[in-house]
Amino acid sequence: MKFSSLLVILLFYLCSVSCVNKIRELKRCVAGLEDDLCRLHIDNLLPSQFSYGKLEIEKYTMLAEEIVRDNPKNWDEFILGTEVPIIVGPSEKYYVLDKHHYVLGLELSQISEKAKVVQCKIISDWSDLGENEFLLNAVESKAFWLYDNKGIEMIDPGYLPKHFNKMLYDPYRDLAAYVRSNDGYEKLGIPFQDFYWANYFRDLIPVPTTPAIPQYSDWCNIRPYDLKDCLPMDFSFHDWIYENIQTALKLAHNYNARDIPGYIPPKQQQDL
């Protein structure tokens, strides 16, 4: 094994020992700590949405690994710089309301499992409710994003993924993130804001779904983003986003998008 590989492994190990000192000073999240900051290992967190975009996940994965590799003393600052808003459900299930990409980025990183502890803030404590009453409250308060990765069908919240790595990829969530990062719309901190924009672009910028063989048509209706069986040979979502970003930016400032959170009118956009 090369020396550089051994060094990375050693740093990951040291981070499991030293990178979580300050985060450990926070109480562990439990029912009754509403509005307080607390800590949880990511294995104790549940997603409140079915899909994700790769762009921000890769950003957080790379950032976490870079900090551990180059300056592990900054790990506390990195973790304590982000609050993950959660609600507590029956049997003390902890559902993430925002920061899904941050959590999944940490989960997919190669840092020590012991270091994957995040700072949380309990927004609502519904742990005393029955399961059905809890799900009803969560749905009616818009705490869950219940659309699948095609954005066209709401799914029973009882089928939400039990792990973050079981969410489905939505390329339009990535397209929306690129548009936002290029001043296409304003980030407001509204839960699931990027998914509203993703669904807007979904209706106007198609992904060229093409079943590899006609018999796969039903499969490709279910999983249109299946690179192997449902998209043209050598298709790349990265290239697709790059090819469509200018069109998406124009659409973002179109008057038809005015009701989507974060909309920037054309005249105002010119002043940015």
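Buried residues, meaning those under 20% relative accessible area (exposed is over 50%, partly exposed in between, with a 1.4 Å probe and protein chains only), make up 49% of the 272 residues in the protein. The model is a predicted one, with local features needing a pLDDT of at least 70 and side-chain atom pairs counting only at pLDDT 80 or more, while totals for chains, interfaces and linings use all residues. Residues are numbered from 1 along each chain as its sequence is written, and side-chain values use heavy atoms, leaving out hydrogens and water. The accessible surface (Shrake-Rupley method, 1.4 Å probe; for residues, only the protein chains shown count as cover) comes to about 14,800 Å², and 52% of that belongs to carbon and sulfur atoms.

As for confidence, pLDDT is the predictor's own score for each residue, from 0 to 100. The protein averages 88, and 88% of the residues score at least 70. Among the elements, strand β2 (residues 45–46) has the highest mean, 97, and helix α1 (residues 3–18) the lowest, 48. Over residues 3–13 the pLDDT is below 50, and this stretch has 8 contacts in the model beyond near neighbours in sequence. Where pLDDT is low, the predicted coordinates should not be read in detail.

Turning to the fold, there are 10 helices and 7 strands, taken as DSSP runs numbered from the N terminus (helices H or I, at least four residues; strands E, at least two). With a contact defined as heavy atoms within 4.5 Å, 71% of the contacts between residues at least 6 apart in sequence join residues at least 24 apart. One such long-range pairing involves cysteine 38 in strand β1 (residues 37–41): its C-alpha atom is 5.3 Å from that of cysteine 120, 82 residues away along the chain. Cysteine 38 is buried, at a relative accessible area of 0%, and its contacts more than four places away in sequence include Leu26, Cys29, Val118 and Cys120.

Helix α6 is worth a longer look. It is largely enclosed by the rest of the structure, because 9 of its 11 residues are buried. Its cover includes β3 (51–52), α2 (54–70), α4, β7, α7 and α9 (237–252). Helix α4 (residues 100–108), one of these, is itself mostly covered, with 7 of its 9 residues buried. At the start of α6, a side-chain oxygen of aspartate 170 reaches to within 3.0 Å of the backbone nitrogen of tyrosine 172. Arginine 180, in α6 (residues 171–181), counts as buried because its relative accessibility is 15%. Leaving out residues up to four places away in sequence, arginine 180 touches Glu56, Arg173, Tyr185, Lys187 and Asp194. After α6 comes aspartate 183, with a positive phi near 65 degrees.

Aspartate 148 sits in the loop between α5 (131–140) and β7 (168–169), and still counts as buried, at 6% relative accessibility. A polar atom of the aspartate 148 side chain lies 3.0 Å from the backbone nitrogen of glycine 151. Beyond its neighbours within four places in sequence, aspartate 148 is in contact with Phe50, Ser51, Glu153 and Ile155.

Back at the surface, tyrosine 196 in helix α7 (residues 193–202) counts as partly exposed, at 36% relative accessibility. Together with Leu188 and Ile190, Tyr196 makes a nonpolar surface patch of about 250 Å². Patch residues have over 30% relative accessible area and no salt bridge, with nonpolar side chains (Val, Leu, Ile, Met, Phe, Trp, Tyr) joined within 5 Å and like charges within 9 Å; a salt bridge is a side-chain nitrogen of Lys or Arg within 4 Å of a carboxyl oxygen of Asp or Glu.

Conventions
Polar contact = N/O pair within 3.5 Å; in protein donor to acceptor, adjacent residues only side chain to side chain.
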